[in-house]
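Dear colleague,

I am handing over the structure below and would be glad if you could keep it open while you read. The notes after it set out what was found, element by element.

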Amino acid sequence: MAQAVEEWYKQMPIITRSYLTAAIITTIGCSLEIISPYHLYLNPRLVVRQYEFWRLITNFLYFRKMGKFCTYSDLMDEIMWVISGVGVAIGFWSSYIRKEVSNRFAVAECTTLLSVLSYYLDFLFHMFFLARYCKLLEENSFRGRTADFFYMLLFGATVLTGIVLVGGMIPYVSESFAKIFFLSNSLTFMMVYVWSKQNPFIHMSFLGLFTFTAAYLPWVLLGFSVLVGTSAWVDLLGMIAGHAYYFLEDVYPRMTGRRPLKTPSFIKSLFADENVVVARPANVRFAPPPVDEVHQD
């Protein structure tokens, strides 16, 4: 098991592996009280007045809520909650398969399962999306273009930060934006949105309940977030940033022939280009080029 996880980790592309590692280390560090989430969250006033510029980066690395999961005892409680939820799920499904469960008992078991896991599902789902869709984008759509993928994340982080800063100054919605301390979930949702736009016809299934095409994946996940009681603002911000990138990178260049999001050369210099190696077939001899005949008049 450990070897399989290690192999899976080593096979990740560089940006995905680095981002996932930083997110896990940051979350565990906060859980064990090595660092505090209050030193990581996005606070424009502290960034401008106290020059705490690291907050512009660290708010994309923490995948929990403020005031949650910040002590070692909380970490142990979380593990016990997850174990309890898994036990309830296994018991319910095994009983359901054996047809030994009544409708009333099924409703009670499902309610218990949702109450146990709803608090933890948001974190697990976003970590899963980070590992899966970040990897899919980097390995497929951005294969051999690591600098372009890094620039996409930089663009998304800049757009999300700008939206929160501007939204905090608008009277009627400033209170909603003031509650957004971390944009990590929004950046993950942006990657999901971009992937769905680039792969719109892939058939998917949500928890085995219904099937749909990848073009509707962001909306399905948005509905699920509302169902488990999390804020829809976080996912909506990711969709806005993702659509902005998709339009400027894919739609606008086809309309005008210009590419406004061309990766700067200094960012490309940070990443080595992947060379494409063409293997020559073994035991194959090529005939020499034909010699032109000399015609004498």
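Since the notes refer to helices and to the loops between them, the terms come first: helices are DSSP runs of H or I with at least four residues, strands are DSSP runs of E with at least two, and both are numbered from the N terminus. Please also bear in mind throughout that this is a predicted model.

Overall composition

The protein holds 12 helices and 2 strands, and, read from the N terminus, the order of its elements is α-α-α-α-α-α-α-α-α-β-β-α-α-α. Of its 297 residues, 41% are buried, while the area that the protein exposes comes to about 18800 Å², with carbon and sulfur atoms supplying 63% of that area. When contacts between residues at least 6 apart in sequence are considered, 66% of them join residues at least 24 apart.

Two loop residues with positive phi

As background, most residues other than glycine have a negative phi. Glu33, in the loop between α2 (14–31) and α3 (44–49), has a positive phi near 65°, and Tyr51, in the loop between α3 and α4 (55–58), has a positive phi near 55°. Are these residues buried or exposed? Glu33 has a relative accessible area of 55% and therefore counts as exposed, and Tyr51, with a relative accessible area of 57%, is exposed as well.

Helix α7 and its partners

Helix α7 (residues 146–167) packs against helix α11 (residues 232–256) at an angle of about 130°, the two axes lying 9 Å apart. Why are α7 and α11 described as oblique? An angle over 145 degrees would count as roughly antiparallel and one of 65 to 115 as roughly perpendicular, and because the angle of about 130° falls in neither range, the pair is oblique. In this pair α7 passes α11 in a right-handed crossing, and the contact is made on the α7 side by Met152, Phe155, Gly156, Val159, Leu160, Ile163 and Val164, and on the α11 side by Leu237, Gly238, Ile240, Ala241, Ala244, Tyr245 and Leu248.

Helix α7 also packs against α9, here at an angle of about 125° with the axes 10 Å apart, so that α7 and α9 are likewise oblique to each other. The crossing of α7 past α9 is right-handed, and the residues of α7 that take part are Phe149, Met152, Leu153, Gly156, Ala157 and Leu160, which meet Ser186, Leu187, Met190, Met191 and Val194 of α9. Met152, Gly156 and Leu160 of α7 thus appear in the contact with α11 and also in the contact with α9.

Individual residues around these helices

Phe149, which lies in helix α7, is buried with a relative accessible area of 0%. Setting aside neighbours within four places in sequence, Phe149 is in contact with Ile15, Cys134, Leu137, Glu138, Phe142 and Met191, and the C-alpha atoms of Phe149 and Leu137, 12 residues apart along the chain, are separated by 8.0 Å.

Ser184 belongs to helix α9 (residues 184–198) and is buried, its relative accessible area being 1%. Beyond its neighbours within four places in sequence, Ser184 is in contact with Tyr19, Asn59, Phe60, Leu61, Tyr62 and Phe63.

Leu136 sits in helix α6 (residues 103–141). Why does Leu136 count as buried? Its relative accessibility is 19%, and because buried means under 20%, Leu136 falls within that class. With neighbours within four places in sequence left aside, Leu136 is in contact with Ser141 and Trp195, while its C-alpha atom is separated by 9.8 Å from that of Met12, 124 residues apart along the chain.

Cysteines

A disulfide is a covalent bond between the sulfur atoms of two cysteines. Taking a cut-off of 2.5 Å between cysteine sulfur atoms, the count comes to 0 disulfides. Among the cysteines, Cys30 is buried at a relative accessible area of 0%, and Cys134, a contact of Phe149, likewise counts as buried at 0%.

With best regards

Terms used:
Residues are numbered from 1 along each chain as its sequence is written. This is a predicted model: local features need pLDDT of at least 70, side-chain atom pairs count only at pLDDT 80 or more; totals for chains, interfaces and linings use all residues. Side-chain values use heavy atoms; hydrogens and water are left out. Buried means under 20% relative accessible area, exposed over 50%, partly exposed in between (1.4 Å probe, protein chains only). Contact means heavy atoms within 4.5 Å. Accessible areas come from the Shrake-Rupley method with a 1.4 Å probe; for residues, only the protein chains shown count as cover. Axes are lines fitted to C-alpha atoms, for helices over the stretch in contact, and angles run from 0 to 180 degrees between N-to-C directions. Angles under 35 degrees count as roughly parallel, over 145 as roughly antiparallel, 65 to 115 as roughly perpendicular and the rest as oblique. A crossing is left-handed if the near helix is turned anticlockwise from the far one by less than a right angle, and right-handed if clockwise.
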